[in-house]
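Open the model in your viewer and keep the sequence panel beside it. The stops below say what to select and what is there.

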Amino acid sequence: MPQITVEFSQVAAAAFDGRAFALALHEMAAPLIDSALNSFKTRLCAIENGVIGDGDPRHAMVHVDFRLLSGRPPELKRQLGEAVLALARSHVKPMPGLDIQVTVEVRDLDRPHYHKTVISG
């Protein structure tokens, strides 16, 4: 926990440093949600085929789906969403001819149905 998926338009890959964003996100969010840093898992997924709005190729996106264990108050999730949006925005550089929408959704992982194990070597 948390499970984070960052989807971004392939055309925006040069404008978005996903690895730097993920590392900064883990550091920022860990104390905010009281979670161990090594528990964060972020997947970076470039979207090769996608359509935004009217399909104009100058439209692009970065979307962060941030899932954390249920039970946290709505105000904390709102604060987290705003902080993640600001951080994501700071990791997207403007690109000539490209409009990049940056969005965030904070969702619950249902505690009784989330399972985890660690296999160490």
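Select L23, which is found in helix α1. Helices here are DSSP runs of H or I with at least four residues, strands are runs of E with at least two, and both are numbered from the N terminus. At 46% relative accessibility, L23 counts as partly exposed. The cut-offs are under 20% relative accessible area for buried, over 50% for exposed and in between for partly exposed, with a 1.4 Å probe and protein chains only. Draw a distance from the C-alpha atom of L23 to that of F40: the two residues are 17 apart along the chain, and the atoms are separated by 9.6 Å.

Before the next stop, note that this is a predicted model, in which local features need pLDDT of at least 70 and side-chain atom pairs count only at pLDDT 80 or more, while totals for chains, interfaces and linings use all residues. Residues are numbered from 1 along each chain as its sequence is written, and side-chain values use heavy atoms, with hydrogens and water left out.

**The whole chain**

Zoom out and colour by secondary structure. The protein chain has two helices and four strands, and from the N terminus on the elements run β-α-β-β-α-β. Taken along the principal axes, the box filled by the C-alpha atoms is roughly 45 × 40 × 25 Å. The protein chain has 121 residues, of which 37% are buried. Among contacts (heavy atoms within 4.5 Å) between residues at least 6 apart in sequence, 83% join residues at least 24 apart.

**Helix α1**

Now select residues 18-33, which form α1. This helix has 16 residues and reaches 21 Å from its first C-alpha to its last, close to the 22 Å expected at 1.5 Å a residue. The expected span is 1.5 Å times one less than the number of residues.

Which residues of α1 are buried? They are G18, F21, A22, L25, H26, A29, A30 and I33. Show their surroundings: what covers these buried residues includes β1 (3-9), β2 (41-47), β3 (59-69) and α2.

**The helix pair**

Add residues 74-90, helix α2, to the selection. Two packed helices are described by the angle between their axes and the distance between the axes. Here the axes of α1 and α2 come within 11 Å and cross at roughly 160°, which makes α1 roughly antiparallel to α2. Axes are lines fitted to C-alpha atoms, for helices over the stretch in contact, and angles run from 0 to 180 degrees between N-to-C directions. Angles over 145 degrees count as roughly antiparallel, those under 35 as roughly parallel, 65 to 115 as roughly perpendicular and the rest as oblique.

The crossing of α1 and α2 is right-handed, meaning that the near helix is turned clockwise from the far one by less than a right angle. Show side chains at the contact: α1 contributes F21, A24, L25, M28, A29, L32 and I33, and α2 contributes L76, Q79, L80, A83, V84, L87 and A88. By class, this contact has 13 nonpolar residues, one polar and no charged. Ala, Val, Leu, Ile, Met, Phe, Trp, Tyr, Cys and Pro count as nonpolar, Asp, Glu, Lys and Arg as charged, and the others, Gly among them, as polar.

**From α1 to β2**

Step off the end of α1 to D34, in the loop between α1 and β2. D34 is not a glycine, yet its phi is positive, about 55°. At 69% relative accessibility, D34 is exposed.

Further along that loop, select S39. Is S39 buried or exposed? S39 is buried, with a relative accessible area of 12%. Leaving aside neighbours within four places in sequence, its contacts are M1, P2 and K116. Follow them to the N terminus, where a cis peptide bond with omega about -20° joins M1 and P2. P2 lies in the segment before β1.

**Two more loops**

Select S70, in the loop between β3 and α2. S70 is buried at 17% relative accessible area. Outside its neighbours within four places in sequence, S70 is in contact with D108, L109, D110 and R111.

Finish at K93, in the loop between α2 and β4 (99-109). K93 is exposed, with a relative accessible area of 52%. Apart from neighbours within four places in sequence, K93 is in contact with A14, A15 and I100. The C-alpha atoms of K93 and A12 are separated by 9.1 Å, with their positions 81 residues apart along the chain.
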